[in-house]
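Hi everyone, thanks for coming along. I'd like to walk you through one model this morning, so let me put it on the screen.

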Amino acid sequence: MALHFKYDQARRRFVEWAQNEIAVVPDFQKRILFSDEAHVWLNGYVNKQNCRISSEANPQVYVETPLHPEKLTVWCALWAGGIIGPYFFKNDEGHNVTVNGDRYRAMITNFFIPELNNHDVQELWFQQDGATCHTSRATIDLLKDTFGDKHFTFWTCELASKIL
């Protein structure tokens, strides 16, 4: 798959930036907290994006799935110090919901930050992907209040402006 030019440039800048940080702080990579969400379909469907199967044969499997099966969205973060999460996105009635900006910021405020405070963290960089709920102005402002400039959105052009 060909990379979009702007993403390729941002990735290269990120690698150069990370190499420079590692040259200054040898355990820098241990200070990055990687985070992401995933959908878990409750009917047994497996998202091929999250599951890779290697085989010498090319199996042609047909699996019929409902148009809108119930799913659960789970968030987790990991770093050298351990795992934070999982966090399951549910509404006030306990029903499974997908992630939007308000729910993501509520998770950061009510779950992630308190959990992070349970760890002896001196300096940590928070990484997330470029999902819309991660890059909204309100979310970026919350992350700046929480991490200062020590957060970045991975795989987006915004990354280059944050680190350069």
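Let's start with a pair of side chains: H134 and E37 are joined by a polar contact of 2.8 Å. Before we go on, please keep in mind that this is a predicted model. H134 sits in helix α3. Is H134 buried or exposed? With a relative accessible area of 0%, H134 is buried. And what is around it? Setting aside neighbours within four places in sequence, H134 touches E37, Y104, Q128, D129, T139 and I140.

One of those contacts, Y104, takes us to helix α2, since Y104 is among the buried residues of α2. The others on that buried list are G101, R105, M107, I108, F111, F112 and L116. Which elements do they pack against? The answer is β1 (32-41), β2, β3 (82-88), β4 (125-128), α3 (132-135) and α4.

Now for the helix itself. At the N-terminal end of α2, N100 acts as a cap, with a side-chain oxygen 3.1 Å from the backbone nitrogen of D102. Further along, α2 bends by about 35° at I108. How does its length work out? The 17 residues of α2, at 1.5 Å a residue, should span 24 Å, and the end C-alpha atoms are 22 Å apart, which agrees.

On to the nonpolar side of things. The largest nonpolar core has 19 residues, and the ones with the most contacts inside it are L33, W75, I84, M107, F112 and F126. At least two residues of this core come from each of β2 (71-79), α2 (101-117) and α4 (137-147). Which element gives the largest share? That is α2, with six residues. Do have a look at F112 while you're there: not counting residues up to four places away in sequence, F112 touches L33, W75, I84, M107, F126 and F147. Apart from this core lies another one, of six residues, including F14, W17, I32 and W125.

Last topic: charges. Side chains of opposite charge can pair when their charged atoms come close. How many salt bridges does the structure hold? There are three, and we can take them one by one.

Back in α2, R105 forms a salt bridge with D102, and the closest N and O atoms are 2.6 Å apart. Both residues lie in this helix, three residues apart, about one turn. Their surroundings are worth a look: R105 counts as buried at 17% relative accessibility, because the cut-off for buried is under 20%. D102, by contrast, has a relative accessible area of 56% and is exposed. Remember that D102 also provides the backbone nitrogen for the N100 cap.

The next bridge is in α4, where R137 pairs with D141, with the closest N and O atoms 3.5 Å apart. R137 and D141 are four residues apart in that helix, again about one turn. D141 is partly exposed, at 35% relative accessible area.

The remaining bridge joins the side chains of R31 and D27, at 3.5 Å from N to O. Here R31 is partly exposed, with a relative accessible area of 23%, and D27 is partly exposed too, at 31% relative accessibility.

That's my tour. Thanks for listening, and I'm happy to go back to any part of it.

Key:
Residues numbered from 1 in each chain as written. Predicted model: local features only at pLDDT ≥ 70, side-chain atom pairs only at ≥ 80, totals over all residues. Heavy atoms only, no water. Core = buried A, V, L, I, M, F, W, Y, C linked by side-chain atoms within 4.5 Å. Buried < 20%, exposed > 50% of the residue type's maximum accessible area, 1.4 Å probe, protein only. Contact = heavy atoms within 4.5 Å. Salt bridge = Lys/Arg side-chain N within 4 Å of Asp/Glu carboxyl O. Expected span 1.5 Å × (residues − 1). Bend = angle between axes of the 7 residues up to and from the residue. Polar contact = N/O pair within 3.5 Å; in protein donor to acceptor, adjacent residues only side chain to side chain.
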